[in-house]
Amino acid sequence: MKEIIEQDCPLCGTSAEFVGADFGRRKTFKCRVCSYFQVSVSAEKKLKSSPKNWRDALCQKAIGTPENKMLVITLPSSSDKPKSANVALAAEFVPENEVPS
């Protein structure tokens, strides 16, 4: 069984729990405000310095996750990245059975 670790939610800042996923490259969060979502470690670092409205919007998106899916937040792949220094985050609903564990 994976270790459950307490940490503030990277989206809303309330107390939350996560388990490591994808060989330590991702975290699957359970937050009483934002519900369930997964975030890559690199995207989580980007969230720390991102505008609050980005985090708020992602929290709302996580709350509205369709049944049998999970919101997965990552940095865009290198081919999808814009040519500017301000790289946005990718957030998509992925079927739960396809989310890396």
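The following conversation between a student and a tutor works through a predicted model of a protein.

Student: What makes up the protein, and in which order do the elements run?

Tutor: There are two helices and six strands in this protein, and from the N terminus on the elements run β-β-β-β-α-α-β-β.

Student: Why is the protein called as compact as a globular protein of that length?

Tutor: The radius of gyration is 13 Å, and the globule rule gives 13 Å for 101 residues, so the protein counts as compact in the way a globular protein of that length is. For its extent in space, the C-alpha atoms fill a box of roughly 40 × 25 × 25 Å, taken along the principal axes.

Student: What share of the residues is buried, and what supplies the exposed area?

Tutor: Of the 101 residues, 36% are buried, a word that is used for residues under 20% relative accessible area. The protein exposes about 6300 Å², of which carbon and sulfur atoms supply 51%.

Student: Why is Leu 71 called buried or exposed?

Tutor: The relative accessible area of Leu 71 is 0%, and the cut-off for a buried residue is under 20%, so Leu 71 is buried. Leu 71 has its place in strand β5, and, leaving aside residues up to four places away in sequence, the residues it touches include Phe 37, Leu 58, Ala 62, Ala 91 and Phe 93.

Student: How do you know that Leu 71 comes together in space with a residue that is far off in sequence, such as Tyr 36?

Tutor: Leu 71 and Tyr 36 are 35 residues apart in sequence, while their C-alpha atoms are 7.5 Å apart in space. For the protein as a whole, among contacts between residues at least 6 apart in sequence, 44% join residues at least 24 apart.

Student: What makes Glu 98 count as buried or exposed?

Tutor: Glu 98 has a relative accessibility of 55%, and exposed means over 50%, so Glu 98 counts as exposed. Glu 98 is found in the segment after β6, and its C-alpha atom is 9.0 Å from that of Lys 69, although the two are 29 residues apart in sequence.

Student: How do you know that the buried residues of α1 line one face of the helix?

Tutor: In helix α1, which covers residues 41-48, the buried residues are Ala 43, Glu 44 and Leu 47. Seen down the axis of α1, these buried residues fall within an arc of 105°, so they line one face of the helix. The face turned away from that buried side carries the exposed residues Lys 45 and Lys 48, whereas the buried residues pack against β1, β3, β4, α2 and β5.

Student: What makes the phi values of Phe 23 and Asn 68 worth a remark?

Tutor: Most residues other than glycine have a negative phi. Phe 23, however, has a positive phi near 55°, and Asn 68, which is not a glycine either, has a positive phi of about 65°. Phe 23 lies in the loop between β2 and β3, and Asn 68 lies in the loop between α2 and β5.

Student: Why are Phe 23 and Asn 68 called buried or exposed?

Tutor: The cut-off for an exposed residue is over 50%. With a relative accessible area of 80%, Phe 23 is therefore exposed, and Asn 68, with 52%, is exposed as well.

Key
Residues are numbered from 1 along each chain as its sequence is written. This is a predicted model: local features need pLDDT of at least 70, side-chain atom pairs count only at pLDDT 80 or more; totals for chains, interfaces and linings use all residues. Side-chain values use heavy atoms; hydrogens and water are left out. Helices (H or I, at least four residues) and strands (E, at least two) are DSSP runs, numbered from the N terminus. The radius of gyration is taken over C-alpha atoms; the globule rule is 2.2 Å times the number of residues to the power 0.38. Buried means under 20% relative accessible area, exposed over 50%, partly exposed in between (1.4 Å probe, protein chains only). Contact means heavy atoms within 4.5 Å. Accessible areas come from the Shrake-Rupley method with a 1.4 Å probe; for residues, only the protein chains shown count as cover. The arc is that of the directions from the helix axis to the C-beta atoms.
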